[in-house]
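Could you walk me through this structure in everyday language? I'd like to know what surrounds the ligand, how one of the helices is packed, and which residues deserve a second look.

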Amino acid sequence: MEKLIIVANWKCNPTTLLKAKLLFNSIKRGVRSFKKIEIVICPPFVYLMAGDKRQATRIKFGGQDCFWEEEGAFTGEISPLQLKNLGCRYVIIGHSERRKYFSETNKEIGQKIKAALLAKLKPILCIGETRQERRKGKVERVLRDQLKKDLTDLSAHQLKNLIIAYEPIWAIGKGRACSFEDAKWARYLIKKSLKKKISILYGGSVNSKNAKNFIKEAGFQGLLVGGASLKPKEFIKIVKIVAES
Ligand code: PEP
């Protein structure tokens, strides 16, 4: 059986390297014994430089985004090869905040997915509907459309290395997660649309109270955790609860 995955998305936090090291060290100490769980930390790019990610540690690293070219005159961008070279194994692609604040299109996201796979990174593709789309009963259409556009021209072999994160946009950072029933339904729709055995994570206001049921009741293969991943005690509790469930 594949390991359950818990991904910490630190977003644009914390503000100093010292705070990042303290946060990392607390998490590292706290999750040491939970060997059944693949723990992935996605810090801001600048903190990926601190420490050697290839040393034997239970924690894996990922980027929060990447560019679609390997190198070149692309000011401000980070390539998948550069992430790989720093010891990353994963990269989040198409997070709703990138789609919203940086106007990322499905076409660009598709290019990033391909580039990440070529660099032998595991892309974590984020998809999900807005509250308005949900109200209008468009969840299935939105998810199907995002999957189709973000994953064009990928071989069955490439798809094996992909992870999908179902992140209903209205549940991100709101302290109010999706219901387990609705999340389970979305998971089913994603599975049906992909017709492949791919790990599907849930993200959106995950905490130590709801984490277990997204795995046990809704059947997800892991979680993508934003806000709670910045609170070491809460994050460690989430990992513990999932590991022991
Ligand atoms: C996220 O940003 O991917 C996320 C899930 O955030 P939060 O857990 O804070 O809702």
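Here is a tour that starts at the ligand and ends with a few single residues. Keep in mind that this is a predicted model.

**Around the ligand**

Let's begin with the ligand and its neighbours. Of the 14 residues around it, the ones that come nearest are Lys11, Glu167, Gly173, Ser205 and Gly227. Sort that shell by class and you get eight polar residues, four nonpolar ones and two charged ones.

Which atoms of His95, Gly226 and Gly227 lie 2.8 Å from an oxygen atom of the ligand? For His95, it's a polar atom of the side chain. For Gly226, it's a backbone N or O atom, and Gly227 also uses a backbone N or O atom. How much of the ligand does the protein bury? On its own the ligand would expose 290 Å², and the protein buries 95% of that.

**The loop with Lys11 and Pro14**

Lys11, already met beside the ligand, sits in the loop between strand E1 (residues 4–9) and helix H1 (17–31). Its phi is positive, about 50°, even though Lys11 is not a glycine. Pro14 belongs to the loop between E1 and H1 too. The peptide bond joining Asn13 and Pro14 is cis, with an omega of about -15°.

Lys11 has company when it comes to positive phi. Ser103 has a phi near 50°, and Ser103 isn't a glycine either. You'll find Ser103 in the loop between helix H4 (96–101) and helix H5 (106–118). Is Ser103 buried or exposed? With a relative accessible area of 53%, Ser103 is exposed, because the cut-off for that is over 50%.

**Helix H9**

Next up is helix H9, which covers residues 180–194. Does its length fit what you'd expect, or what span should its 15 residues have? At 1.5 Å a residue they should span 21 Å, and the C-alpha atoms at the two ends are 21 Å apart, so the two values agree.

Several residues of H9 are buried: Phe180, Ala183, Ala186, Arg187, Leu189, Ile190 and Leu194. A bit of background helps you read that list. An α-helix has 3.6 residues a turn, so residues three or four places apart point the same way. What covers the buried residues of H9? The cover includes the strands E5 (122–127), E6 (163–166) and E7 (199–203), along with the helices H7 (139–150) and H10 (211–216). Just after H9 comes Lys195, which has a positive phi of about 50°.

**Four buried residues**

Now for some single residues. The table shows how accessible each of them is.

| Residue | Relative accessible area |
|---|---|
| Val7 | 0% |
| Ile109 | 0% |
| Lys112 | 4% |
| Ser96 | 13% |

Val7 is part of strand E1. Leaving out residues up to four places away in sequence, Val7 touches Val40, Cys42, Ile92, Ile124, Leu201, Leu223, Leu224 and Val225. Val7 counts as buried because its value, 0%, is under the 20% cut-off.

Helix H5 holds Ile109 as well as Lys112. How far is Ile109 from Gly94 in sequence and in space? They are 15 residues apart in sequence, while their C-alpha atoms are 5.7 Å apart. Apart from neighbours within four places, Ile109 is in contact with residues including Ile93, Gly94, Leu125 and Asp150. Glu104 is also in contact with Ile109.

Glu104 turns up again with Lys112: their side chains make a polar contact at 2.6 Å. A polar atom of the Lys112 side chain also lies 3.4 Å from the backbone oxygen of Cys66. At 4% relative accessibility, Lys112 counts as buried. Beyond its neighbours within four places in sequence, the contacts of Lys112 are Asp65, Cys66, Phe67, Trp68, Ile93 and Glu104. Ile93 is thus listed for Lys112 and for Ile109.

Finally, Ser96 lies in helix H4. With a relative accessible area of 13%, Ser96 is buried. Setting aside neighbours within four places in sequence, Ser96 is in contact with Ile169 and Ile172.

Technical notes
Residues are numbered from 1 along each chain as its sequence is written. This is a predicted model: local features need pLDDT of at least 70, side-chain atom pairs count only at pLDDT 80 or more; totals for chains, interfaces and linings use all residues. Side-chain values use heavy atoms; hydrogens and water are left out. A residue is near a molecule or strand if one of its heavy atoms lies within 4 Å of it. A polar contact is a pair of N or O atoms within 3.5 Å; within protein, one must be able to donate a hydrogen and the other to accept it, and residues adjacent in sequence count only if both atoms are side-chain atoms. Accessible areas come from the Shrake-Rupley method with a 1.4 Å probe; for residues, only the protein chains shown count as cover. Ala, Val, Leu, Ile, Met, Phe, Trp, Tyr, Cys and Pro count as nonpolar, Asp, Glu, Lys and Arg as charged, and the others, Gly among them, as polar. Helices (H or I, at least four residues) and strands (E, at least two) are DSSP runs, numbered from the N terminus. The expected span of a helix is 1.5 Å times one less than its number of residues. Buried means under 20% relative accessible area, exposed over 50%, partly exposed in between (1.4 Å probe, protein chains only). Contact means heavy atoms within 4.5 Å.
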